[in-house]
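Student: Could we go through this one together and check the labels against the values? I'd like to see how each term is earned.

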Amino acid sequence: MYDYDLLVLGSGPSGQKAAIAAAKLGRRVAIVDRRDMLGGVCINTGTVPSKTLREAVLYLTGLSQRDLYGSSYRVKEEITVADLAARTQHVITRQTDVIRDQLARNKVALITGTGRFADPHAVWVDAGSGRETRISFDKAVIAAGTRPARPDSVDFDDRTIVDSDGVINLQAVPRSMVVVGAGVIGMEYASLFAALGTKVTVVERRPRMLDFCDEEIVESLKYHLRDLSVTFRFGEEVAAVEKHRSAALCVLRSGKKIVADTVMYSAGRQGQTDDLALDAAGLTADHRGRITVDANYRTAVDNIYAVGDVIGFPALASTSMEQGRLAAQHACGEPARGMSDLQPIGIYTIPEISFVGKSEEELTEASTPFEVGIARYRELARGQIVGDSYGMLKLLVSPEDGRLLGVHVFGTGATEIVHIGQAVMGCGGTVDYLLDAVFNYPTLAEAYKVAALDAANKIRNITRIND
């Protein structure tokens with residue numbers, strides 16, 4: 001009756017996983033996306049390029065080795081955009097090949113072009129030939145993703161004034177940069193360019209950056225970035241950006257003026273739903289282009305689902321993948337457990353931040369008692385070996401039953417080792433597990449044992465007093 005059992009609009013992380021999950025269940029599946037966007041924003045302009053850039057910067061600048069070899073240590077003195085682009089393009093090409101191979105192996109049809117709804121069971125696909133093809137489906141998954149939000153008052157030229165997608169295509173490493181917005185993307189790029197030697201100024205209208213993170217961890221990052229000559233302007237707003245021949249002039253509402261080679265706006269993301277003709281399918285999007293879904297990722301139209309960044313928070317590649325899989329399971333009538341509430345957050349600043357569970361501020365606000373266990377990388381043999389003297393791991397522990405309430409990591413490998421805490425929390429484990437466990441030596445994971453001992457000793461002191 002239909003051309004496909006499941007049609008997916010978008011080939012990003014959520015779209016890939018939805019398509020493959022349905023194919024594994026024996027359904028006829030297709031993905032519609034542009035030829036140059038296989039893998040979505042994640043692979044082409046977002047997560048993968050930015051994290052690859054970060055690795056290239058850390059290697060070429062020698063930044064992570066300066067504790068060992070001195071502050072003047074460099075692997076390469078003059079780092080060019082070509083140096084950075086070579087590694088980025090290599091990874092994008094390899095990853096695109098992997099995705100194409102996975103879809104082919106699972107017999108997922110890849111339809112090249114842009115899709116728009118014809119009705120709730122069909123789309124028109126424009127492959128750029130001037131003629132549209134009508135494709136029908138039983139169920140559909142919208143995984144269209146997002147693009148950087150661009151304020152109408154700003155004259156973006158993708159050279160002097162750029163957004164977070166355009167910043168990876170700069171022709172040269174800027175000597176100075178203004179980053180507007182101290183969210184995750186803004187802070188990742190601010191730290192990346194600061195490591196390259198760019199003079200970075202961060203402008204944020206809120207009183208602090210990354211306000212969903214543990215305050216002590218954020219303060220550690222701020223201290224480290226100031227050491228890289230980053231200037232912060234909190235409680236400030238950009239009123240205007242004037243383009244000049246060789247630079248841009250940022251005028252703040254307070255009257256301050258900042259001259260910079262490049263201005264990068266990180267003003268949130270906008271759902272890419274404008275060209276989907278949602279109304280033809282009986283759907284609408286909000287003012288940010290986002291689509292509302294229920295607990296099973298089903299939209300207001302029963303046979304159409306939406307997943308990934310296009311449905312809003314948390315808008316992470318990791319959670320998007322799981323949303324895609326769960327939506328496909330539900331669309332195929334396959335029982336599935338819901339997504340766990342215990343999801344790690346990873347922020348790829350320099351140094352990294354990662355956490356899972358509650359922060360000190362959240363626990364205090366909820367009047368939940370907790371004890372803190374700290375391990376500092378400089379006290380670990382592995383920390384000395386890798387040259388990380390600033391990293392730390394923090395455990396928040398319930399003094400009543402020893403449960404882990406939160407794990408917060410700052411420093412080398414933070415996004416990797418946070419998963420140990422996540423696993424312990426997810427299995428209902430307590431700090432006793434970490435106390436009794438034997439960790440490989442020397443490792444950064446050993447920080448869990450050190451932090452667990454610290455927390456246990458503090459809890460024991462309280463117990464002694466009470467006795």
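What follows is a run of why-questions, each answered by setting a value against its cut-off.

Tutor: Before we start, keep in mind that this is a predicted model. Pick a residue.

Student: Let's take His-408. What makes His-408 buried?

Tutor: The relative accessible area of His-408 is 1%, and buried means under 20%. So His-408 is buried. As for its place, His-408 lies in strand β22, residues 404-410.

Student: How do you know that the side chain of His-408 has a polar contact with Lys-358?

Tutor: From the distance: the side chain of His-408 reaches the backbone oxygen of Lys-358 at 2.7 Å. The limit for a polar contact is a pair of N or O atoms within 3.5 Å, so this pair falls inside it.

Student: And which residues does His-408 touch, leaving out those up to four places away in sequence?

Tutor: Among them are Asp-214, Ile-217, Ser-354 and Phe-355. Lys-358 is in that list too, as are Met-392 and Leu-396.

Student: On to the helices. Why is α3 called oblique to α5?

Tutor: Helix α3 (residues 47-61) and helix α5 (residues 81-105) pack at an angle of about 135°, with their axes 9 Å apart. That angle makes α3 oblique to α5, because roughly antiparallel starts over 145 degrees and roughly perpendicular covers 65 to 115. The crossing of α3 and α5 is right-handed.

Student: Which residues make that contact?

Tutor: On the α3 side they include Val-48, Pro-49, Thr-52, Glu-55 and Tyr-59. On the α5 side, Asp-83, Arg-87, Val-91 and Ile-92 are among them. By class, the contact of α3 with α5 has ten nonpolar, two polar and three charged residues.

Student: What is the class of Tyr-59 there?

Tutor: Tyr counts as nonpolar, so Tyr-59 of α3 goes into the nonpolar group.

Student: Now α3 and α6. What makes this pair roughly parallel or roughly antiparallel?

Tutor: α3 and helix α6 (residues 184-195) pack at an angle of about 25°, with their axes 9 Å apart. Angles under 35 degrees count as roughly parallel, so α3 and α6 are roughly parallel to each other. The crossing of α3 and α6 is left-handed.

Student: Who meets whom in that contact?

Tutor: In α3, Ser-50, Lys-51, Leu-53, Arg-54, Val-57 and Thr-61 meet Glu-188, Tyr-189, Leu-192 and Ala-195 in α6. These divide into five nonpolar, two polar and three charged residues.

Student: Back to Arg-87 for a moment. Why is Arg-87 called partly exposed?

Tutor: Arg-87 has a relative accessibility of 37%. Buried would need a value under 20%, and exposed one over 50%; 37% sits in between, so Arg-87 counts as partly exposed. Arg-87 belongs to helix α5 and touches Thr-52, Glu-55, Ala-56 and Tyr-59, not counting residues up to four places away in sequence. The C-alpha atoms of Arg-87 and Glu-55 are separated by 9.0 Å, with the two residues 32 apart along the chain.

Student: Thr-96 is in α5 as well. How do you know whether Thr-96 is buried or exposed?

Tutor: Its relative accessible area is 13%, and the cut-off for buried is under 20%, so Thr-96 is buried. The side chain of Thr-96 reaches the backbone oxygen of Ile-92 at 2.7 Å. Leaving aside neighbours within four places in sequence, Thr-96 is in contact with Leu-38 and Ile-43.

Student: Last, the backbone. What stands out about phi in Ala-277?

Tutor: Ala-277 has a positive phi of about 50° although it is not a glycine. Tyr-297 also has a positive phi, near 70°. Ala-277 is found in the loop between β16 (269-271) and β17, and Tyr-297 is placed in the loop between β16 and β17.

Student: Why do Ala-277 and Tyr-297 get separate burial labels?

Tutor: Because the cut-off for buried is under 20%: Ala-277, at 21% relative accessibility, counts as partly exposed, whereas Tyr-297, at 13%, counts as buried.

Student: And which peptide bonds are cis?

Tutor: One joins Phe-313 and Pro-314, with omega about 5°. Another runs from Tyr-441 to Pro-442, with omega near 0°. Pro-314 is in the loop between β17 (304-306) and α8 (317-331), and Pro-442 in the loop between α12 (431-436) and α13 (447-466).

Key. Residues numbered from 1 in each chain as written. Predicted model: local features only at pLDDT ≥ 70, side-chain atom pairs only at ≥ 80, totals over all residues. Heavy atoms only, no water. Helix = DSSP H or I, 4+ residues; strand = E, 2+ residues; numbered from the N terminus. Buried < 20%, exposed > 50% of the residue type's maximum accessible area, 1.4 Å probe, protein only. Polar contact = N/O pair within 3.5 Å; in protein donor to acceptor, adjacent residues only side chain to side chain. Contact = heavy atoms within 4.5 Å. Axes fitted to C-alpha atoms, helices over the stretch in contact; angles between N-to-C directions. Left-handed = near helix turned anticlockwise from the far one by under 90°.
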